[in-house]
Amino acid sequence: MLKKQLGALFLATCLILTTLPTVLGGSSTQVITVAGDGSGNYNCDGKDDHVQINQALEYAAKNPGTTVHLKGPFTYVIGDSLLIGSKTILEGESDVKIKLASGLPVWGGHDSSIVNKKAMLMIRGSSANDITIKNLTVDGSQSDYYPKVKLGTSCYNMATIVNCNGLTVKDVTFQNGCNDAMLISNSSNILIDTVTVNKCGHDGVYAYHVTGITVKNSKFINRTNSSVRFDSVTNGVMKNNECTTSGGGYAGLELQGTLKNIEASGNYFHDLSAPAIVHLNTKETSVNIHDNRIENCA
């Protein structure tokens, strides 16, 4: 009898310990699925898919540590921003694409502040932290639906990140965009790794007032501006990237503003319509540029 009571007590204790992190507000480790074939926790049909994806992201934000998994093969067509909250992983599969819908009113423009530059992927707030975006394609639909939009005029950003501490973007392709692939402002601890930026409408990575950013192992095909721009950056690293052009565009690395502890090394800059690295009105402390390969740049 005593053994049965002890066994019951042991099982009850295990149950309590299993549920305790949730009760105490600890992080979740669950994965919720968004799908286009009806098999997900949230299901899309290729039209206004931002509705269901944002529902999943809202759930994740309320349950820190949740992964929102976009199931493929599927093209998720969005007509509004995807809003990503703290301690969230947004991931796809190799054949997942997020594509901007046609016929939308203009997002952004020269008169909009950075914090209001609406984008396909958005992170903004006073406490956004520990976010991962990985393994998907973001298509800005420029040549498909917005060929008349003047590139580089702050319209239809692909990603705008403001006030974020801790962001990883890995194995993501940004393509066919009207403006920046990734605009990052007033943020810290940023890692961009194994990313492809193919023909965006402004900078591939535009880091403005950022502390701690590494861009590595990535490929940039310029069309309008620079591959990477560090403007008023502290502790910035650009290494082992390839920067080239599809025709037009600017530098591989554009340096501006007050810069401290910057390293650019191991990069391959080739066939650019501008110098591989440019310095524009900079105030520099410990800027170290070395061991880069430069071929056929202006």
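User: Buried means under 20% relative accessible area, exposed means over 50%, and partly exposed lies in between. By that rule, is Tyr146 buried or exposed?

Analyst: This model is predicted. Tyr146 has a relative accessible area of 6%. The cut-off for buried is under 20%. Because of its 6%, Tyr146 is buried.

User: And which class does Tyr145 fall into?

Analyst: The relative accessible area of Tyr145 is 39%. Buried needs under 20%, and exposed needs over 50%. The value lies in between, so Tyr145 is partly exposed.

User: How is the aromatic pair of Tyr145 and Tyr146 arranged?

Analyst: A pair of aromatic rings is described by the distance of the centres and the angle of the planes. The structure holds five aromatic pairs. In the pair of Tyr145 and Tyr146, the centres are 6.4 Å apart and the planes meet at 90 degrees. Planes over 60 degrees apart count as edge-to-face, so this pair is edge-to-face.

User: Which residues form one aromatic cluster with Tyr145 and Tyr146?

Analyst: Tyr145 and Tyr146 pair with each other. They also belong to one aromatic cluster. Its other members are Trp107 and Tyr156.

User: Which ring does the charged end of Arg293 sit over?

Analyst: Arg229 gives one example of this kind of placement, lying over the face of Tyr206 at 4.2 Å from the ring centre. Arg293 gives another, with its charged end 4.2 Å from a ring centre. That ring belongs to Tyr268.

User: What span does helix α2 reach from its first C-alpha to its last?

Analyst: Helix α2 covers residues 50-62, which makes 13 residues. At 1.5 Å a residue, 18 Å is expected. The helix comes close to that, reaching 18 Å.

User: Within what arc do the buried residues of α2 fall?

Analyst: The buried residues of α2 are His50, Ile53, Asn54, Ala56, Leu57 and Ala60. Seen down the helix axis, they line one face of α2 because they fall within a limited arc. An α-helix has 3.6 residues a turn, so residues three or four places apart point the same way. The arc in α2 is 160 degrees.

User: Which strands do the buried residues of α2 pack against?

Analyst: His50 and Leu57 are among the buried residues of α2. The buried residues pack against strands on both sides of α2 in residue number, including β1 (31-35) and β6 (89-91). The full list is β1, β2, β3, β4, β5 and β6.

User: Where does Pro73 lie?

Analyst: Pro73 follows Gly72, and a cis peptide bond joins the two. Omega there is about -5 degrees. Pro73 lies in the loop between β3 and β4.

User: How far apart are the C-alpha atoms of Thr160 and Ala119?

Analyst: Thr160 lies in strand β10. At 0% relative accessibility, Thr160 is buried. Thr160 touches Ala119, as well as others including Leu121 and Leu183. Along the chain, Thr160 and Ala119 are 41 residues apart, but their C-alpha atoms are separated by 5.7 Å.

User: Which side chain makes a polar contact with the side chain of Thr160?

Analyst: The contact runs from side chain to side chain. Its length is 3.0 Å. The partner of Thr160 is Asn157.

User: Which side chain does a polar contact join to that of Ser265?

Analyst: Ser265 sits in strand β18 (residues 253-265). With 9% relative accessibility, Ser265 counts as buried. A polar contact of 3.0 Å joins its side chain to that of Glu263.

User: How far apart in space are Ala274 and Ala251?

Analyst: Ala274 lies in the loop between β19 and β20. Its relative accessible area is 3%, so Ala274 is buried. Ala274 touches Tyr250, Ala251, Cys297 and Ala298, leaving out residues up to four places away in sequence. Ala274 and Ala251 are 23 residues apart in sequence, yet from C-alpha to C-alpha they are apart by 5.2 Å.

User: What phi does Thr194 have?

Analyst: Thr194 lies in the loop between β12 and β13. At 33% relative accessibility, Thr194 is partly exposed. Thr194 is not a glycine, yet its phi is positive, at about 55 degrees.

User: In which strand does His209 lie?

Analyst: His209 also has a positive phi of about 55 degrees without being a glycine. At 38% relative accessibility, His209 counts as partly exposed. Its strand is β14.

Note on methods. Residues numbered from 1 in each chain as written. Predicted model: local features only at pLDDT ≥ 70, side-chain atom pairs only at ≥ 80, totals over all residues. Heavy atoms only, no water. Phe/Tyr/Trp six-rings, centres within 6.5 Å; stacked < 30°, edge-to-face > 60°. Buried < 20%, exposed > 50% of the residue type's maximum accessible area, 1.4 Å probe, protein only. Lys NZ or Arg CZ within 6 Å of the ring centre and 35° of its normal. Helix = DSSP H or I, 4+ residues; strand = E, 2+ residues; numbered from the N terminus. Expected span 1.5 Å × (residues − 1). Arc of directions from axis to C-beta. Contact = heavy atoms within 4.5 Å. Polar contact = N/O pair within 3.5 Å; in protein donor to acceptor, adjacent residues only side chain to side chain.
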